[in-house]
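Student: I have a model open and a list of labels for it. Can we go through why each label applies?

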Amino acid sequence: MSSQDIPEENLPAEQDHAHAHTAVSVADEKDPFSDPGLPPHEHRIQDIDERAAKRSERVVAMLFTVSMLATVGFIASYVTIPKDKSIFVFPIGHISALNFALGLTLGAALFCIGAGAVHWARTLMSDVEVADERHAISAPPEVKAKVLADFKQGAKESALGRRKLIRNTMFGALTLVPLSGVVLLRDLGPLPGTSLRHTAWSKGKLLVNMNTNEPLRPSDVAVGSLTFAKPEGVEESQEDFQNVMAKAALMIIRLQPDNIKDKRELEWSHEGIVAYSKICTHVGCPISLYEQQTHHVLCPCHQSTFDLSDGARVIFGPAGHALPQLRIGVSEEGYLQALGDFEEPVGPAFWERG
Amino acid sequence: MKKLSARRRHPLAAVVVLLLALVGTGGAYAALAPASKAQADETSQSLTIEEGKKLYSVGCASCHGTGGQGSSDGPSLVGVGAAAVDFQVGTGRMPAATSQGPQVVKKKNIYTQAQIDQLAAYVASLGAGPQVPTKDQYGPDGADIAKGGELFRTNCAQCHNFVGAGGALTKGKFAPSLEGVDPKHMYEAMQTGPQNMPSFPDTTLTEKNKKDIIGYLNAVNSSNTENPGGLNLGGLGPVSEGLFAWIFGLGALIAVAVWVAARTAKAKKS
Amino acid sequence: MSTSENSQSRERGKAPAGERVADWADGRLGIYSLAKSNMRKIFPDHWSFMLGEVCMYSFIIIILTGVYLTLFFHPSMNEVAYHGSYVPLQGQLMSEAFNSTLHISFDVRGGLLIRQIHHWAALIFLAGMFVHMMRVFFTGAFRKPREINWLFGFLLFVLGMFTGFTGYSLPDDLLSGTGVRFTEGAILSMPIVGTYISYFLFGGEFPGHDFVARFYSIHILLLPGIMLGLMVGHLILVFYHKHTQFAGPGKSEKNVVGMPLLPVYMAKAGGFFFLVFGVIAAIAATTQINPIWAMGPYRPDQVSTGAQPDWYMGFAEGLIRYMPGWEVNFWGHTLVLGVFIPLVLFGLVLGAIAVYPFIESWVTGDKSEHHILDRPRNAPTRTGFGVAWVTVYMVGLVGGGNDLIATHFHLSINDVTWFVRIFFFAGPVIAFVVTKRICLGLQRRDREKVLHGRETGIIKRLPHGEFIEVHEPLSQEQLHTLTAHHQYEPAQVGPAVDENGVERKIKGSEKLRAKLSNAYYGEDNQIPKPTVEEYKEITSGHGHH
């Protein structure tokens, strides 16, 4: 190959060639599997053709220029495009013009810097492979011996091994001191107590329709329908609304009384209207995928399936026990009301549940 | 809301308003028509029922029984109401094929709207049930979209997903996607609870509630819905996002890495 | 220009400005000694060696965008009514956290873009770490001296999962809130301490008013702080150990062959940062992620179907979904095995891959350093184990998306769950056996290739009429590459009687080790690589069969 028009800094160092070739012939006959050494370096077009190198240079410069233009575009988009402008881009659909413009210009500005740098490295910087020697990580024996000796000396001078009283009390103190930190965590929250066993339901609380915020009458609830309820007096604007609903959310359905297989379920229902906790007994998702023909209710999170016509017993999935039922009746004014709290804790099981 | 106000100044706006007003008065007149007119209606009504019965005995009776009393192949239609017929036949679910999978799915409707109305009239005559809703009941105009969203998340999203993309039920059943579903059919589905869907009667989900829900869906899941961030990946949430991140995100970056690490083409050996 | 400046400054008897700055720094930091060994550090070229860079850069992108997001995000659970520009939520009550996330998405110019970059980069970060970890595993790059760095990387992956989880829980939207509720349920399932930990984490009953603020400091400070430290340590060790390389001509355990940091890798790796950032920005410009406005604010009585976590938690989600609902009641207590077992399995499965390097080094008893990477086929048992592990992981992901798989392939969700339950046990076994066989087959093919050369596809007719395919002998480079790997001998249990005829007690661990070693390197578990003698015999015999 001709090396006349190769720029000097791009010419591979001669010794690399030599290094690469020496290993080849040494062991060839004896061991055909031996390492032949690094293959000789081959030049790229850019190494031997100055015009190609110039072309590469122009490509790199162009990429960097595109990046600059893209940044200008980014700023222009930021200033000119209103934030609520929507455009239709095929095939993406109706999207925010600002997000699209800012993202693409930023993406282009960044990508072009990267592409330029990499193209520069790949075509114009030296591509001669170099071997670097590795060095042992473990210390040589004399260093190890010195360190061990130093350590022993230090340990001896501290007399930690000899003065047992100091050693033991120090370990004691160091063990105890983190306890303060642990104790400080105590006020992260109150103790559970029995709070997981109670909900906002109690005897006489009316069942209020989540949709209309009105108390429900038995005649409102049709067979095959699905209604969600909260205890009367609970409003979304209240401070503790989320906590209350996390336990008290109720799902109300109506079955034909002769379709109810479980005796207790029938007893606790009112004219076939049954009220179950909406909170899954698995890990607490608001379960409510009610299939009115099969009377099954499925949890959208982990697919536990309960049979609402049979005491909400688990028929599939990871839940461990039936959904708690709320005992309901009718108040004097003819509204559906709770006849007490749930008899067992609602929601996920826990150690103290029993 | 914004779109509506923007279009108010459109040259055709006056025409649209005029048309709406005409339709509105016409509808109001029909609804409030005096009793003498009702007499005439009754005869035409019985004719309609007659026609419906003929259609019924051809298309429906084999499963639902000659008098709509039901059989082992299909439930009783007494008391399901006109809305149920309009939904089932209008979405092509009925008449269903005899051997079907876990649930009857939407397909091409083979009846004209007039025929569906006749069928509906006949079935409604078997026992009182929900009426086919009118346009001002199900139309999204005047809906409180935000309230509709809250109602949708309480009552519907558990099966149909946040934006109505649909989802799985037990044993191969599923809640269908709500994209492109006629608002009238949505309304009827809420009223009547087709197949395994529970019903949401007016007593627990008022007419206004239903309108709000339809208004919300119209805002978040129609062909004009804006997804400001870009491609919405089916509205399915983290699963489709994860797949996208792996295939197009990491995939693209690996392709770039291959380019970065690859050897540059060598000059040909002569 | 610059040369003339240089000469000018020389004339004034001073070094160039850059050099003077470097001198100043050297006097305080010792940078010359540092640069001596690092400036021309050699990095080998291979695309799979850049996977780690994908992770590092996406991590940096996450930090940059995350800092921006903190300028606008309010980590508070106070209830406010929404009055921003997204119409379908007007007037709805929501936490300030959700409100401020809507504000970022709709009312801060470019806020949505930054949010989307942040979230996409997080998904890619975790995916990148997974693939990077698998690259390291299947090439045996975790062997001595890199076991500690393997653990650093593993910790980064695990911490990344939890940083991601706490991050996507911050907007307090309906989807992430459902995930937090799941977390509460999972914590409650822990025997004895569960309720206490839950009450301490949430400041009382779920959801309370504290978790967003607490997750916030964990998400932006605690976990990323630890991760940053681990990442720096990870990088220092990569520099210190020098990079591994694949076998090839000129490459040995004693060297590393590639391009120098300055200038080639400075440009390539530096440029790669911009490439990664550019690609992610383009994705964020065109593809929506986590549209919290569509999901609505969190309410514990509301839910949407398709409630899944981000992909990296999908494995845990799957375990939870396909576990049967076991619950044991005794003495007034409940053991919630249906939730607790998946929780334990989650740790065990992840732990299995983390400790693997130590098990393998115990089995091989190999104390030497390894810098030449294995081709996966040359370590069939390891590769089989790795594929089995990936299978378990993927089965978890499938289980975590069982509802979407059911709806998209028109299957029954119950069938999908049962399939996953069975495949959780059968999958890894099948994967192990099949992978190992494939590896052994590939080893045989390599052996054939070395001994008989490459099949050229040219058919030649011999004088006596026989047709043969011409095999072209491999070059020495190829021969070396295909035979460079080390093959272990299976370890033996020492003799049961010593030389004096006295019975020796053989420890159980010794037997186990011999058994494992045989399973790794026994007769049918690796194909002996061709020896020079075999090769010579065949090549001298004119090399055709």
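Tutor: What follows goes label by label, setting each value against its cut-off; keep in mind that this is a predicted model.

Student: Start with the record's annotations. Which residues does UniProt list under "binding site"?

Tutor: The UniProt entry, an unreviewed one, lists B:Cys156, B:Cys159 and B:His160. Helix H9 of chain B, residues 157-160, holds B:Cys159, and B:His160 is found in H9 of chain B too.

Student: Why is B:Cys159 called buried?

Tutor: Count its neighbours: 28 other C-beta atoms lie within 10 Å of B:Cys159. The label needs 20 or more, so B:Cys159 is buried.

Student: And what makes B:His160 count as buried?

Tutor: The reasoning runs the same way: B:His160 has 25 C-beta neighbours inside 10 Å. With the cut-off at 20 or more, B:His160 therefore counts as buried.

Student: Which residues does B:Cys159 touch, beyond those up to four places away in sequence?

Tutor: B:Cys159 touches A:Leu289, B:Gly167, B:Leu169, B:Ala175 and C:Thr305. For B:His160, leaving aside neighbours within four places, the contacts are B:Gly166, B:Gly167, B:Ala175 and B:Leu178.

Student: Now A:Ala131. Why is it called partly exposed?

Tutor: A:Ala131 has 19 other C-beta atoms within 10 Å. Buried takes 20 or more and exposed takes 12 or fewer, so A:Ala131 falls in between and is partly exposed.

Student: Where does A:Ala131 sit, and what is it in contact with?

Tutor: A:Ala131 belongs to strand S3 of chain A. Setting aside neighbours within four places in sequence, A:Ala131 is in contact with A:Leu38, C:Gly250, C:Asn255 and C:Val257. A:Leu38 is 93 residues away from A:Ala131 in sequence, yet their C-alpha atoms are 8.7 Å apart.

Student: A contact has to lie within 7 Å. How do you square that with 8.7 Å for A:Leu38 and A:Ala131?

Tutor: The contact cut-off of 7 Å is applied to C-beta atoms, whereas the 8.7 Å runs from C-alpha to C-alpha. The two numbers refer to separate atom pairs, so 8.7 Å doesn't contradict the contact.

Student: How do you know that S3(A) pairs with a strand of chain C?

Tutor: Pairing needs at least two bridges, and S3(A) and strand S5 of chain C, residues 255-260, have four, in the antiparallel sense. One of the partners to look at is C:Gly258 in S5(C), bridged to A:Val130.

Student: What makes S1 and S2 of chain A a pair as well?

Tutor: Again the test is at least two bridges. Strand S1, residues 86-89, and strand S2, residues 93-96, of chain A have four bridges and run antiparallel, so they pass. A:Ser86 stands opposite A:Ser96 in S2(A). These strands, S1(A) and S2(A), form a hairpin with three residues between them.

Student: Zoom out to the contact between chains A and C. How many residues take part on each side?

Tutor: Chain A gives 84 residues and chain C gives 96. On chain A, the elements that give two or more residues are H4 (97-123), S3 (130-133), H7 (241-248) and S11 (313-316). H4(A) gives the largest share, 18 residues. By class, this side of chain A has 49 nonpolar, 22 polar and 13 charged residues.

Student: And between chains C and B?

Tutor: There, 55 residues of chain C are in contact with 53 residues of chain B. Helices that each supply at least two residues from chain C include H6 (111-138), H11 (261-286) and H17 (413-452). The side of chain C that touches chain B has 31 nonpolar, 20 polar and four charged residues.

Student: Which domains is chain B divided into?

Tutor: Domain 1 covers 41-131 and domain 2 covers 133-222. Their C-alpha centres lie 22 Å apart, and 16 residues of domain 1 are in contact with 13 residues of domain 2.

Student: Last one: how much of chain C is buried?

Tutor: Buried residues make up 50% of the 545 residues in chain C. Its secondary structure comes to 20 helices and ten strands.

Methods
Residues numbered from 1 in each chain as written. Chains lettered and ligands numbered in written order. Predicted model: local features only at pLDDT ≥ 70, side-chain atom pairs only at ≥ 80, totals over all residues. Nonpolar A, V, L, I, M, F, W, Y, C, P; charged D, E, K, R; others polar. Domains from an automatic or database assignment. UniProt positions renumbered as here; feature names shortened; annotations may be inferred.
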